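Trainee: I should like to request a close look at one part of this structure, followed by a connected account of other parts.

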Amino acid sequence: MNAQDTASPGLDSVDISVVVVNYNVKEYLSNLLHSVYKAQHQFSLEIFVVDNFSSDGSVEFLRERFPQVAYIENRENKGFGKANNQAIRQAKGKYTLLVNPDVLIGEDTLQVLYDFMESSPETGASGCKILNPDGTFAPESRRSIPTPMNAMYKVLGLSKIFPNHPRFASYYMGGRDENEASDIEVLSGSFMFFRTDVLQKLDGFDERFFMYGEDIDLCYRTIKEGYSIRYIPETSIIHYKGESTKKENLRYIITFNKVLYQFFEKHYSYGYSIFFKYFILIGVIFKSAASYIFSLFNRTLRPVADLLTLNLVMVGFFLYRYDIAPVEILDAYKPVFLSVNLLHSLVYLGFAKYYGLYSRNQHSWSHVIKALLFSLFTVASITFFFRDIAFSRLILLATTLVLLLLLPSFRLLAARFFYKGSSAKDRLQAVRVLVAGMGEHTESAIRKIRAEVDWNYNIIGLVTQRQDEPLQTIEDVPVLGHISQLPEMVKNYRADQVIFMLEKITHLDVLRSLSLLRDSAVVCKVVPGSLDYIIGKSNVEYFDDVPVVDLELPSLNAWNRLIKRVFDFSLSALFLAVMAPVWVFLRVQASLSKTSQETVNLFIDSSTSQNVRFFTPYENNRLLNTIEFMRKVFSGEFSLVGAPILRERQGSFVYYKPGLTGLRQLNEDRLFRDDEKQRQELHYLQSYSIWKDFEILFKYLTGKHKHFSAYLSGSSEGS
């Protein structure tokens, strides 16, 4: 369908028309539509989705799930106002809800607003309390018309410095209680509940505003027509504010500040001097430039910190090697030294960009290691062709060894303490998750979450939505309590995230919980009733039910097997060389103290059903057992990273060596079903690389994995 209008549903009487403009946010919009239908109750609805030429297959995705919705498909991005107007002109409802796709409404929202508008004929439009995804109050819930003075306060940043000051924060009506109902001047364009006749009389949005500011202009014209606008805090919504509107975007910064001037020029310029007009213009330009510089600083902070650390460490080793006192650095630090610093910095930045260290993998310590090692090899190779800098190889090696400790540590600390909602796979520790809302698909949801190997979620408990539900255990996950106790559970169980299952839990409960959790650091996400994906503040995580099995597993590739063997051989040889004197001493001390009876059956190859036998462990001597294990790694019987060491291993899909640790072993605490465990092993075999072995071994060493430790100490739990 082209941009032509689509007939609205055939309803004799429509209570509410809902208009949504979509651009590449199909998952958020699907979530919104689910919440709208939950809030429908006795109302008759017509829903319009105007798609502004999305490239993510939005219409096909949505039409399959919501065939009753009227879709208008544009062949270009017409902007927010013009796209809304396409549906506004067709609307047949008594009231029209203009709502952003990245919004979640409560079950009572339509009822509360409808009832108020019915009782207040002088009100042309109304809105409600808007919550951010972390539960905090969004100040754009209610605003004032941007007069030259409060626009100037906003442009100069005074509204942020004094958020509760009645004058400096007058644009956001600072100083008023968020729970105080009142007449206001401007609603947020993300959620506007209008009388349809008023909206159509005003001919909708002014299409000269492509994006941002059209909501201010529409509200201003509504008041000029003699209607009031009401803020109703008795109901609330969540506004996710997707990636496309983040304030680091230069286009957003320029456009948002430009519309303030555009609005001022349209409605106020006749009453003020040319000097004041240009003063506002200069202020807008200054604010845009300052905002962009600040956002640019935020984006460059991480690469600058990396390069500063790299160069400080390298300079330190130059000073140490050539015995240069720090006070003499300016006189003694030669230009040739500077060329090495510059070369190493540029090469590292190149690999950092390639591995996405400042974008998609910004919290990944494993990708930092790759960038550092490849930088070392590249720069060291270049020194063979330029004799003037050949002296620097030892300094490069020492610098890299120090950076291999520092830079990954910075990422790990950031992911652990500051980015709980970011990619869980970049954390050493699993993200501790509470699942709120229980229904017939709870077991399936738990299995789906556990099955996603890269997510690294540890489901620590379930939260019921009703007081009378029994405390039980589902899929080995205990039910910890009722949703009203959620803040206490988050605190007591040190939860990082709360996932709300919208299959059963109400949107009202989600909204109330967000308000209660607003002062905590927990990240809240929702799963729609379809169980297709998880929606967070600015990302969507899809469930993948069908594991794709490669016909040729990378782990069985001859080259990868050789690299893995060299890796095992080198590390085990180094360990044994260091521990040789200790081994002799302990053997003499132990003197025949090892168990001589039982041999442990560790692995059953499904193709031969023959037992693969392990060494007889030394009783209660973990160090001797470790040395013995490393000897087996050295000889090739075991691997550092491989299959679990099990007494019995039935139904294995492919043979690979038992290991000190492995992907499955690291996640053993959160895996309870055989298919979950096998999926971890299959994922390892499918996605194998030597870097994955590095990553797994590093997690094992830093996490002090208890299962193998128990085995080495002779405990039967080690199986």
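Trainee: What should the 14 residues of helix H19 span at 1.5 Å a residue, and how far apart are its end C-alpha atoms?

Mentor: The model is a predicted one, and the values that follow are computed from it. Helix H19 covers residues 622–635. At 1.5 Å a residue, its 14 residues should span 20 Å, and the end C-alpha atoms are 20 Å apart, which agrees. Within H19, the buried residues are Leu 624, Asn 625, Thr 626, Ile 627, Glu 628, Phe 629, Met 630, Lys 632 and Val 633. This list includes nonpolar residues such as Leu 624 and Ile 627, together with Glu 628 and Lys 632. After the helix comes Gly 636, with a positive phi near 95°.

Burial may next be considered in a strand. Strand S10 spans residues 431–436, and 5 of its 6 residues are buried, so the strand is largely enclosed by the rest of the structure. S10 is paired with strand S11 (residues 457–464) through 6 bridges, and the two run parallel. In that pairing, Val 431 has Tyr 457 of S11 as its bridge partner. S10 also pairs with strand S14 (residues 497–501), again in the parallel sense, over 4 bridges. There, the bridge partner of Ala 436 is Phe 500 of S14. In a regular strand, side chains alternate between the two faces of the sheet.

The aromatic residues add a further part of the picture. Across the whole structure, a search finds 20 aromatic pairs. One of them joins Tyr 684 and Tyr 688 edge-to-face, with 5.7 Å from centre to centre and 75° between the planes. Tyr 684 has a relative accessible area of 3%, and Tyr 688 one of 6%; because buried means under 20%, both count as buried. Ring pairs also link Phe 351, Tyr 354, Tyr 355, Phe 374, Phe 567, Trp 691 and Phe 694 into a cluster.

Other aromatic residues are found on the surface. Phe 384, Phe 385 and Phe 386 form a nonpolar patch there, and their accessible area together is about 420 Å². Phe 384 lies in the loop between helix H13 (365–383) and helix H14 (393–417). Its relative accessibility is 56%, and because exposed means over 50%, Phe 384 counts as exposed. Thus Phe 384 is exposed, whereas Tyr 684 is buried.

Technical notes: Residues are numbered from 1 along each chain as its sequence is written. This is a predicted model: local features need pLDDT of at least 70, side-chain atom pairs count only at pLDDT 80 or more; totals for chains, interfaces and linings use all residues. Side-chain values use heavy atoms; hydrogens and water are left out. The expected span of a helix is 1.5 Å times one less than its number of residues. Buried means under 20% relative accessible area, exposed over 50%, partly exposed in between (1.4 Å probe, protein chains only). Patches are made of residues with over 30% relative accessible area and no salt bridge: like charges are joined within 9 Å, nonpolar side chains (Val, Leu, Ile, Met, Phe, Trp, Tyr) within 5 Å. Accessible areas come from the Shrake-Rupley method with a 1.4 Å probe; for residues, only the protein chains shown count as cover. A salt bridge is a side-chain nitrogen of Lys or Arg within 4 Å of a carboxyl oxygen of Asp or Glu. Two strands pair if DSSP finds at least two bridges between them. Rings of Phe, Tyr and Trp (its six-membered ring) pair if their centres lie within 6.5 Å; planes under 30 degrees apart count as stacked, over 60 as edge-to-face and the rest as tilted.
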